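Here are some short exercises to work through with the structure open beside you. Try each task before you read its solution.

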Amino acid sequence: MSNPNQPFTARNLANIKRRFYEKTDEAGLLPDKPHKQQEPTLRRTRMRKAVSIPIVAILSIGVLTGAAAAMNIVDLSAVLHFLDKSRLDILSPVNRSSEDQGIRMDILGAVRDGDTAEIYVALTDLTGHRVTDTLDVYDFRVTGGRANNAQLVHYDEKTKKAIVRFLVQGEHLKDRITVKISSFLTGAQTNEDIDVDLNWSALLEQQTEDSIITLDHQEGEISGIGGQQYEEITSQSSIPVLKPDQMHIPVPGLEWMYISNVGMVNGKLHIQINPDAEMGTYNHGYFYFVDDQGQEQDVPLSSISYGSYEKDGVRMGGDYEEYIFDIPDIRELQRLHLKGKFTSYDAFVKGTWKTTFDLKQSTVKKKARLQHASTHSNSGPLNVEVSELGVTLTGDLSEIDSERLDLRIVIQDGTTIEADSGFVQLDQEIVKWISTETIPVSHVRELILNGISVPLHD
């Protein structure tokens, strides 16, 4: 789930880009709204490109065998053979395709339970070797979706086909869905143990009163904020950051960026970077601290993306990235060592792959209505819905903390499916748990929510 109060990890960086696109889309600043949700890949927070979406023809191509070929229906068991039978059974074959730049996108199969859709898409390079096992879909959009994720789940070395699972949640998902991909990255290489040897005393001594500037995030001067200090940062009308490009400190093994300033701001350590190479647009990562024994330290970390420049006559935001560590005393740095984990890509491939298909929602569900979310709550009624994809909670969510939510599904044979991750929340309107395994709804006996037994009905 996306939550600004979570510990700042590699995955948190995805939220920054998503939040920026949502705000600019609401203001009418983007021609279309690409989404990239937090799991499972790191994501740069900087917006260095505008997306132009021309209309492309929709072709009808798929993986066909036997009787399926005669009916022009994709054989999901052949192309999605890595999924278990319970998942294959609930997927509807789609068989819609789009081709651009010598690359074909095939919509294979999908399932929707109302507010959530799971869509399996194949990408195949017909002319080269741009689709690899490191493919990472960068800009995409699924109509009606607000919390989106695209994850490479399978790669066939023989056919050079990459299978990507789109997981989409939104209250406005309709029976007719359009999937559109505008770009993807390939050739990812991740270095998880980069040593950054800095002389903190010498660097911090260079700081002067004019080393700090202030930004107004209400005026669009900040393109992204994320991490554990999110609420604290966004509550400020003016946000102090370091003056850009006061230093030029290379980071070992990373030619696409350098440390452009270091300083203390309001009792916190700031490290500013400038990704000045073209692929720095898309490469991403973060810094962290270890002790003398090499153990990673739990130092609260946040990130701010800001600055702007012009590219092809278009003003872009997010030219600098500033990492903020909750280290108020520079003496603490004497026992800490700065490390970095960054992912670099070989290529960024742009195009327009777009197709539309019908996807009716599954009617296999069980429901319940609770008067309160807990035994000692004054909150209002809560609606519970169990589908093959997961559990949806709507209504009065004031007492629902998805970070501490205890949710279990009890099957008739006594076995349980526990929800230990996979929560997504859209504002304060809906909480959804997305299960990693298909839920046998007809065999569900009850649901346990925060210790309360919830009888379900059809």
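**Exercise 1.** Work out which burial class Arg445 belongs to, and do likewise for its salt-bridge partner Glu446.

*Solution.* This is a predicted model, so treat each value as computed from it.
- Step 1: Arg445 has a relative accessible area of 44%. The partly exposed class runs from 20% to 50%, so Arg445 is partly exposed.
- Step 2: Glu446 has a relative accessibility of 18%. Buried means under 20%, so Glu446 counts as buried.
- Step 3: The two side chains meet in a salt bridge, with 3.9 Å from N to O. The cut-off is 4 Å.

**Exercise 2.** Find the salt bridge of Asp115 and say which parts of the chain it ties together.

*Solution.* Side chains of opposite charge can pair when their charged atoms come close.
- Step 1: The partner of Asp115 is Lys432, at 3.0 Å from N to O.
- Step 2: Asp115 sits in the loop between S2 and S3, while Lys432 belongs to strand S26 (residues 430-434), so the bridge ties together parts 317 residues apart in sequence.
- Step 3: Asp115 and Lys432 are both buried.
- Step 4: For a second case, take Glu385 and Lys365, whose closest N and O atoms are 3.5 Å apart. Glu385 is in strand S21 (residues 382-387) and Lys365 in strand S20 (residues 365-370), 20 residues apart. Both Glu385 and Lys365 are buried.
- Step 5: The structure holds 20 salt bridges. A network of salt bridges links Arg87, Glu118 and Arg165.

**Exercise 3.** Trace how strand S2 pairs with S1 and with S3.

*Solution.*
- Step 1: S1 (residues 92-100) pairs with S2 in the antiparallel sense over 7 bridges. One partner pair is Glu99 with Arg104 in S2.
- Step 2: The hairpin of S1 and S2 has 2 residues between the strands, and Gln101 takes a positive phi near 55° there.
- Step 3: S2 and S3 (residues 116-125) run antiparallel, joined by 9 bridges. Gly109 stands opposite Tyr120 in S3.
- Step 4: In the hairpin of S2 and S3, with 3 residues between the strands, Gly114 has a positive phi near 125°.
- Step 5: Check the cover of S2 (residues 103-112): 10 of its 10 residues are buried.

**Exercise 4.** Classify the ring pair of Phe184 and Trp353, then the pair of Phe287 and Tyr323.

*Solution.* A pair of aromatic rings is described by the distance of the centres and the angle of the planes.
- Step 1: The count of aromatic pairs comes to 12.
- Step 2: Phe184 and Trp353 have ring centres 6.0 Å apart and planes at 45°, so this pair is tilted. Phe184 is in strand S7 (residues 176-186) and Trp353 in strand S19 (residues 347-358), 169 residues apart.
- Step 3: Both rings belong to buried residues: Phe184 has a relative accessible area of 1%, and Trp353 has 0%.
- Step 4: Phe287 and Tyr323 are 5.3 Å centre to centre with 85° between the planes, an edge-to-face pair. Phe287 is in strand S15 (residues 284-290) and Tyr323 in strand S17 (residues 314-325), 36 residues apart.
- Step 5: Phe287 and Tyr323 are both buried, and they form one aromatic cluster with Trp256 and Phe342.

Key
Residues are numbered from 1 along each chain as its sequence is written. This is a predicted model: local features need pLDDT of at least 70, side-chain atom pairs count only at pLDDT 80 or more; totals for chains, interfaces and linings use all residues. Side-chain values use heavy atoms; hydrogens and water are left out. Buried means under 20% relative accessible area, exposed over 50%, partly exposed in between (1.4 Å probe, protein chains only). Helices (H or I, at least four residues) and strands (E, at least two) are DSSP runs, numbered from the N terminus. Two strands pair if DSSP finds at least two bridges between them. Rings of Phe, Tyr and Trp (its six-membered ring) pair if their centres lie within 6.5 Å; planes under 30 degrees apart count as stacked, over 60 as edge-to-face and the rest as tilted.
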